[in-house]
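Trainee: I'd like a close look at one part of this model rather than a tour of everything. Pick a helix, please, and tell me how it sits among its neighbours.

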Amino acid sequence: MGSKLEGPSAPAIRRDPYEVLSVSRDSTDQEIKTAYRKLALKYHPDKNANNPEASEHFKEVAYSYSILSDPEKRRQYDSAGFEALDAEGMDMEIDLSNLGTVNTMFAALFSKLGVPIKTTISANVLEEAMNGTVTIRPLPIGTSVSGKVEKQCAHFFGVTINEQQAEAGIVIRVVSTAQSKFKLLYFEQDAHGGYGLALQEDSEKAGKVTSAGMYFLHFQVYRLDSTLNALAMAKDPEAAFFKRLEGLQPCEISELKAGTHIFAVYGDNFFKTASYTIEALCAKSYEDTSQKLKDIEAQILRKRTELRQFETEYRKALARFQEVTNRYSQEKQSVDELLKERDSIHSSFTVAKIPSNSGPASHLSNGSSGSSSSSRIPGEESPGEDGTADGKDKSGKKKWFNLNLKGSDKKLG
């Protein structure tokens, strides 16, 4: 979460994220999320408008959570501390309800241009849920409900399942044919009767619709965060491919128990309502589909590992390619210069200058300035003034013809 469009920066003095969130190093993802949620509500700018110190605490909490909520960043921090993290490439969330009109318009423009912007849920919605003062509509299994939710507001639904349905698995999906932006939220009930946010899925564009889903199928399902390291990938377009699967993060909850569960659709549009249709399904009727999902998740995980290895090979090959490409350009230039110099040397073997207006009939051979007879083709006779061959008697041809004629006469005789 954050209150600035560019996302909260790292604090000047960075404290241990585990210390900031008051959790231990072996805390589970859910424990970290719960701790963060409580602190974020406590220090949220909406609730502390006249308290600058609370705002700084909020940034520190958000920064710490951005590290510990990401498995890869948490692993890097655990192994080598802050030095292992690329703080510049870390993507944070913005709270639209806390932005002014101008900043909201800029955020909407960037989003329209395809720049991924991660938004957070309004503190008012989270506080109402935590206080248990929200209105919950029933959503029976096997049914769907359509509606429109105002921006930065939420519609809550209660899904009640029995033992058999819980064992088979449950799927909750939301689709918007109007391509609205929204979030699908899952809340867990606490001991005081309120509801705490446990899971959230941002809508993604899929063809002519936007959709989001939660799959409680008794095996690990992953969410794909397309905004992860978006700034870093923008600097290196090739990284957009290699880092694409790095946004794959395991969902904290893979199954639901029998009882009533609370879901919500949160309007994430910048200026208008979000149209949606939410449906609750039992996976028993989709056993083949569930197995396909399990298989494809495993394939994607393997592909992520393969891409990490392939990126190293690709980077080496690309560096080598750039090296030989540069050499190709240099060698080509060198050959062109050598041939040009060779032609210049060849042309210096001459005692006569070639006229600039010389026609096609003017030829020089090896620089010779001899008579035109030197250029005759062997066997060819030079014509005289009257068109006959030089030094030849015109009667010669006639006698030659006469001899042939006499010879032929003798034969005929």
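Mentor: One bit of vocabulary before we start: a helix here is a DSSP run of H or I with at least four residues, a strand is a run of E with at least two, and the numbering starts from the N terminus. Also keep in mind that this is a predicted model.

Let's take α6, which spans residues 123-131. Come at it from the loop that leads in: Ile 121 sits between β2 (118-119) and α6. Its relative accessible area is just 1%, and since anything under 20% counts as buried, Ile 121 is buried. For a sense of what lies across from it, the C-alpha atom of Ile 121 is 9.3 Å from that of Ala 154, although 33 residues separate the two along the chain.

Now the helix itself. Ala 123, Val 125, Leu 126 and Ala 129 are its buried residues. Look down the axis and you'll find that these residues span an arc of only 160°, so they lie on the same side of α6. As for what covers them, the list includes one helix, α2 (29-43), along with the strands β5 (154-161), β7 (182-189), β8 (195-202) and β13 (259-267). Ala 154, the residue paired with Ile 121 a moment ago, falls within the range of β5. Just past the end of α6, Gly 132 adopts a positive phi of about 75°.

Of those covering elements, α2 deserves a detour. Besides helping to cover α6, α2 packs with α3 (residues 52-68) at an angle of about 160°, the axes being 9 Å apart. Over 145 degrees counts as roughly antiparallel, so that is how α2 runs relative to α3. The crossing of α2 past α3 is left-handed. On the α2 side, the contact is made by Ile 32, Lys 33, Tyr 36, Leu 39, Ala 40 and Tyr 43; α3 brings Ala 54, His 57, Phe 58, Val 61, Ala 62, Tyr 65 and Leu 68. Sorted by class, that contact has eleven nonpolar residues, one polar and one charged.

Two loops next to these covering elements are worth a glance for their backbone. Ser 22, in the loop between α1 (17-21) and α2, has a positive phi of about 60° despite not being a glycine. Gln 179, in the loop between β6 (170-176) and β7, likewise isn't a glycine and has a positive phi of about 60°. Ser 22 is exposed at 64% relative accessibility, while Gln 179, at 34%, is partly exposed.

Notes. Residues are numbered from 1 along each chain as its sequence is written. This is a predicted model: local features need pLDDT of at least 70, side-chain atom pairs count only at pLDDT 80 or more; totals for chains, interfaces and linings use all residues. Side-chain values use heavy atoms; hydrogens and water are left out. Buried means under 20% relative accessible area, exposed over 50%, partly exposed in between (1.4 Å probe, protein chains only). The arc is that of the directions from the helix axis to the C-beta atoms. Contact means heavy atoms within 4.5 Å. Axes are lines fitted to C-alpha atoms, for helices over the stretch in contact, and angles run from 0 to 180 degrees between N-to-C directions. Angles under 35 degrees count as roughly parallel, over 145 as roughly antiparallel, 65 to 115 as roughly perpendicular and the rest as oblique. A crossing is left-handed if the near helix is turned anticlockwise from the far one by less than a right angle, and right-handed if clockwise. Ala, Val, Leu, Ile, Met, Phe, Trp, Tyr, Cys and Pro count as nonpolar, Asp, Glu, Lys and Arg as charged, and the others, Gly among them, as polar.
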